Amino acid sequence: MCGIGGFVDFMRDARRGGAVLGAMERRLRPRGPDAHGVYLDADAALVHRRLAVIDPEGGAQPMLSPDGDTVLVYNGELYNTEEVRRTLLALGHTFRGHSDTEVVLHAFLEWDTDAFPRLEGIFAFALWQKSRRRLVLVRDRLGVKPLFYRKTRGGLVFGSTIDTVLCHPEAEPVLDEDGLRTLLLLGPARPPESGVFRGILSLLPGCFAVLTPETFTKAAYWKLEAHEHEDDLETTLSRTHELITGAAERQLVSDVPLACFLSGGLDSSILSMVAARRYAGEGKTLHTWSVDYRENDRYFVKNSFQPTDDRDFVTLMAETLGTRHHRVVLEPEAVCAALLPAAEARGLPGMADVDSSLLLFCAAVKRGGTTVCLSGECADELFGGYPWYHREEILFEDTFPWARSVGLRLGLLKPGVVRDGADFVREHYLSTCRRAPGLPSDSRKDARMREMFVLNLDWFMATLLDRKDRMSMYSGLEVRVPFCDHHIVEYAYNMPWAFKALDGREKGIVRRAFADELPEEVVFRKKSPYPKTFHPVYARLCAEGAMKILADRNSFAGALFDREAVRALVADPNSLPEPWFGQLMRVPQICAYIMQLEHWAKTFKVRLA
């Protein structure tokens, strides 16, 4: 994994943009601590920061084609590298090393944009063709790897992160009305194409864009399609097992130390099992990692979203698999302090302590000698793991299920801060539902499940993938998400709900598919999300931090939030009827979001349009 950035300017000599390129390189440094490189010509300036995972010697970037005319800066991992390489060898291509970067470059030289559907993995990259004065930007099918861009007077600027794009003088940190409504009414989620700041966009997953002096075009090379599910139950169980196992095995390729995140839940346990078996066959021991919080055994509060603590299940799985397990215990004071660098890492206010704890956890994993990890994200979105799939009163409620009350959010804001807030949220919700392909034979519930799938894919899962990428890469740790394999996504989208919810359970098909390979306690464990701290010290620090900000008449957040409305919530946390976002963001996390918003606004010198 790496960080990429650059710009094309057809009006001015790009070679004069060294200061901009230098600023981009500094922004990207955490994503690529191992090496860096630049490319400059009259039209284009490209920068790359490298985290070396495959072929450390032969994968240096920017990578030039044999004739020097095509240049690639690449962030990602290709999981069918050898298959594509064999095809290219048969067509007469030769390779200097064994990196996936070189394979991507030669695939483009052979097939141009028709190469992209042949690539399987997680990636975002840019290709510059000097003689054709043509820039191509590409993003993986599910958007695991980020890519932002902004049109400029002379061309375009792009980068792995929002703040990389902001290094260009024409990309200013200005929030227009849509950006402000996104932060306050949808955040930490954002519309799929939004970069929040005015003029900054995110390249959509499964898409590529082409810039020439005359045109700028965008196109999709992959999209979800609705098909009849023709497999019976036994075949579906077998196919589900095969797809998940295959994705996990393909993603174990690495020339540097690899480990697994292990929560003791179903998803991470499956991935750890697959990896542990592979390692045992090679005479190696898998390392696994889990996160916990000081005194969480004392303060853990059971609720419908988080019914069980992870600790005993982690121990059970580590012992069952024979892994070398590492438990990272975080202090509530550190989790609060890390809210600020977490906002810098994401480039936006995020999921509060869900972000900051992951930031600290990933830093500890990296210090422990690991460079690549597998993580169990995305299974819940694909196989119906969340409560909103199973509670009918939420399932058919006509709104985003993880942030159901726009009124709650508006009630925390000062009057007039946003206009038409409910309409803004609703239009994004409805437009997403309209994107869900269906079949004439779909029942009312089948059709709704397709809508929920796309809502979760485009919004909730995208938010979690943002979090995972930014928090991990901030410490130069690559985290792979095997459940986000597009073959799994396509199969799950068309699977009948009766199969997904087999035995009346969330992710029932996955549980049954792996029931004979995991401890019964793990197979039947009720879904529990990423752990959070319940420590009162954390809640107090966040409340104090938010109230101090809101008391400052010159603060960014103080101009937006109603101090008395927030104070009332802090005084009576139980008055919050449901999480503010997702499953875990309650009153301490609302306060943390205010803290992140303020720090982000100051750090990036944010201005309102």
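**Exercise 1. Into which classes do the residues lining the largest pocket divide, and how many fall in each?**

Solution. The lining of the largest pocket divides into 22 nonpolar, 11 polar and 12 charged residues, where Ala, Val, Leu, Ile, Met, Phe, Trp, Tyr, Cys and Pro count as nonpolar, Asp, Glu, Lys and Arg as charged, and the others, Gly among them, as polar. The model is a predicted one, in which local features need pLDDT of at least 70 and side-chain atom pairs count only at pLDDT 80 or more, while totals for chains, interfaces and linings use all residues. Residues are numbered from 1 along each chain as its sequence is written, and side-chain values use heavy atoms, with hydrogens and water left out.

As a next step, consider what a pocket is: on a 1 Å grid over the protein atoms alone, a cavity is a set of points where a 1.4 Å probe fits but cannot get out, whereas a pocket is an open set with protein on both sides within 12 Å along at least five of seven lines, and lining residues have an atom within 4 Å of a point. The largest pocket is lined by 45 residues, and Pro192, Leu204, Pro205, Arg435 and Asp458 lie nearest its centre.

**Exercise 2. Which helix gives the most to the lining of the largest pocket, and how many of its residues are buried?**

Solution. The helix is H18, which gives nine residues to this lining; helices are DSSP runs of H or I with at least four residues, strands are runs of E with at least two, and both are numbered from the N terminus. Of the 30 residues of H18, 23 are buried, buried being under 20% relative accessible area, exposed over 50%, and partly exposed in between (1.4 Å probe, protein chains only). Finally, H18 also supplies the largest share of the lining of the largest cavity, namely four residues.

**Exercise 3. Where does Asp485 lie, and is this residue buried or exposed?**

Solution. Begin with the position: Asp485 lies in the loop between strand S18 (478-480) and helix H19 (486-493). Asp485 is buried, with a relative accessible area of 9%. If its neighbours within four places in sequence are left aside, Asp485 is in contact with Ala247 and Arg250, contact meaning heavy atoms within 4.5 Å.

The last step turns to the second largest cavity, whose lining divides into six nonpolar, three polar and four charged residues.
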